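Please find below a colleague's note, to be read beside the sequence and the structure.

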Amino acid sequence: MSLPDFSGVPPADVLQAALQQQGCFLLREILPLPLLQAAKAELEALYLDADQAWQSGLMPPSAYHKLFQYGHLPYEEGLLPLVEHSDGEANLYTCLLGIPSLQPFLSAIFGPSLFLIEKNSQPRRQHPFWPERQIPFHQDAEFLGGRPALNFWIPLDSCGRNAPGLELWLMPQKRVWFELNLDPLIPLYQQRDVSAIQAQASRDQCWQPEMAPGDLLVFDSYLFHRTWLTESMFEPRYSL
């Protein structure tokens, strides 16, 4: 199976075909590193504060169970990184997705306007020393009321070899498989029976790409994916 892994940005119809046939594609070295490096520095400081709150018992249990145990910052209102712009502070995601090379594809998919779902556009940190926080196979549409969308996943660290990455099942879906009826006190991986997925997903359909800052992984909200974590990994991974 050929993988939807591209150096640079191919024509929009090639990317649309990758989404239709495999549910995702990876663009290498297209995002500006200075913006990503600034975002990571900001997030490291915020996560340090969050770690101290968790270790000292000051983090509300609801914030831990709903957000922090899954790698998100423990803020109910969420947090979108900002960057300095000529007109003042601007949304980081808007700046990243506004690069010229992406516009033909974005226009072909979304038309003249793109709607960013801010509530679900939150940074995440995964660490191999906390395997209980890994995310099992899921579809992002579960958390969007079943609505179709595209996930623009942006690594802030090299991942997939020494740091946790993502594993994707390259089999596009048309519906949500699982009902989002969770016990917030129990980690998701302990609640989810993924045997049906594992029974259908052949080895050559599962992809664990190694990625680096500057890469952009795009996948649709029905595509199954999970944290890719192995026993040999030893570094954390931040992502947007």
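The points that follow concern a predicted model, and they go from a sheet to the helices on it and then to one loop residue.

1. The sheet is an open one, built from four strands in the order β1-β2-β9-β6, and the pairing within it is mixed. Because β1 (5-7) and β6 (150-153) each have a single partner strand, they stand at the edges, and one side of each is left without a neighbour in the sheet. On average, and with direction ignored, neighbouring strands here are turned by 20 degrees against each other.

2. At the β6 edge, the pairing with β9 (residues 216-220) is antiparallel and extends over four bridges. For a reader who wishes to locate this pairing in the model, N151 has F219 of β9 as its bridge partner.

3. Helix α1 (residues 12-22) packs on this sheet, where it touches β1, β2 (24-28), β6 and β9, and the direction of α1 makes about 140 degrees with that of β2. Helix α5 (residues 103-110), for its part, lies across β2 and β6, and runs at about 160 degrees to β6.

4. In the loop between α5 and β5 (124-126) one finds S121, and it is reasonable to ask whether S121 counts as buried or exposed. With a relative accessibility of 15%, which is under the 20% limit, S121 counts as buried. As to what the side chain of S121 reaches, the partner is the backbone oxygen of I117, at 2.7 Å.

Note on methods
Residues are numbered from 1 along each chain as its sequence is written. This is a predicted model: local features need pLDDT of at least 70, side-chain atom pairs count only at pLDDT 80 or more; totals for chains, interfaces and linings use all residues. Side-chain values use heavy atoms; hydrogens and water are left out. Two strands pair if DSSP finds at least two bridges between them. Helices (H or I, at least four residues) and strands (E, at least two) are DSSP runs, numbered from the N terminus. Axes are lines fitted to C-alpha atoms, for helices over the stretch in contact, and angles run from 0 to 180 degrees between N-to-C directions. Contact means heavy atoms within 4.5 Å. Buried means under 20% relative accessible area, exposed over 50%, partly exposed in between (1.4 Å probe, protein chains only). A polar contact is a pair of N or O atoms within 3.5 Å; within protein, one must be able to donate a hydrogen and the other to accept it, and residues adjacent in sequence count only if both atoms are side-chain atoms.
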